[in-house]
Amino acid sequence: MYEVKTTKSLQAATEALIEKLKEREFGVLYQVNFKEKIKSKGLDFPTNFEVLEVCNPKQAKEVLEKRIEVVKWQQFF
């Protein structure tokens with residue numbers, strides 16, 4: 001696990017992380033606030049956190065061109 005402590009708000013920390021990802025040519029595919037998502041289902045969740053699915057398109061293309069079977073395998077799940 002990799003952990004960095006910050007005094008920033010969740011929103012400010014998320015925005016800063018996204019900016020750092022862009023500097024490394026990563027983009028955010030999906031962003032979900034889990035507390036809000038659970039709340040939308042009528043449940044309470046005490047911890048507020050974001051989940052980011054990120055991808056480096058150039059690296060993804062290179063991997064997929066070499067081993068497209070990875071994508072085909074994941075489609076089963």
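Is F49 buried, partly exposed or exposed? F49 is partly exposed, at a relative accessible area of 29%. The legends below describe close-up views of a predicted model.

**Figure 1. Overall arrangement of helices and strands in the predicted model.** The protein contains four helices and two strands. Along the sequence these elements follow the order α-β-α-β-α-α. Of the 77 residues in the protein, 6% are buried.

**Figure 2. The aromatic cluster formed by F34, F45 and F49.** Two aromatic pairs are counted in the model. In one of them, the ring centres of F34 and F49 are 5.2 Å apart and the ring planes meet at 15°; the pair is therefore stacked, since planes under 30 degrees apart count as such. F34 belongs to helix α2 (residues 34-40), whereas F49 sits in the loop between α2 and β2 (50-55), so the contact ties together parts that are 15 residues apart in sequence. F34 is partly exposed, with a relative accessibility of 34%. The value for F49, its partner in the stacked pair, is 29%, and F49 likewise counts as partly exposed.

**Figure 3. Helix α1 and its buried residues.** Helix α1 covers residues 10-23, which is 14 residues. At 1.5 Å a residue this helix should span 20 Å, and the C-alpha atoms at its ends are indeed 20 Å apart, so the expected and modelled spans agree. The buried residues of α1 are T14, I18 and L21. These residues cover an arc of only 60° around the helix axis, and therefore lie on the same side of α1. An α-helix has 3.6 residues a turn, so residues three or four places apart point the same way.

**Figure 4. E25 in the loop that follows helix α1.** E25 is located in the loop between α1 and β1 (27-33). Its phi angle is positive, at about 65°, although E25 is not a glycine. With a relative accessibility of 53%, E25 counts as exposed, because the cut-off for that class is over 50%.

**Figure 5. E53 and C55 in strand β2, with their sequence-distant neighbours Q31 and L21.** E53 lies in strand β2 and is partly exposed, having a relative accessible area of 41%. Between E53 and Q31 the C-alpha to C-alpha distance is 6.5 Å, while the two residues are 22 residues apart in sequence. C55 also lies in strand β2; its relative accessible area is 21%, and C55 is thus partly exposed. The assignment follows because buried residues must fall under 20%. C55 and L21 are separated by 34 residues in sequence and by 9.2 Å in space, again C-alpha to C-alpha. L21 is one of the buried residues of α1.

**Figure 6. The largest pocket and its lining residues.** The space in this pocket amounts to about 270 Å³. Its lining consists of Y2, E3, V4, K5, T6, K8, A13, A16 and L17. By class, these comprise five nonpolar, one polar and three charged residues. Rolling a probe the size of a water molecule over the atoms shows where empty space is left.

Notes: Residues numbered from 1 in each chain as written. Predicted model: local features only at pLDDT ≥ 70, side-chain atom pairs only at ≥ 80, totals over all residues. Heavy atoms only, no water. Phe/Tyr/Trp six-rings, centres within 6.5 Å; stacked < 30°, edge-to-face > 60°. Buried < 20%, exposed > 50% of the residue type's maximum accessible area, 1.4 Å probe, protein only. 1 Å grid on protein atoms, 1.4 Å probe; cavity = no way out; pocket = protein on both sides within 12 Å on 5 of 7 lines; lining within 4 Å. Points joined across faces, edges and corners; volume = space filled by probe spheres on them. Nonpolar A, V, L, I, M, F, W, Y, C, P; charged D, E, K, R; others polar. Expected span 1.5 Å × (residues − 1). Arc of directions from axis to C-beta.
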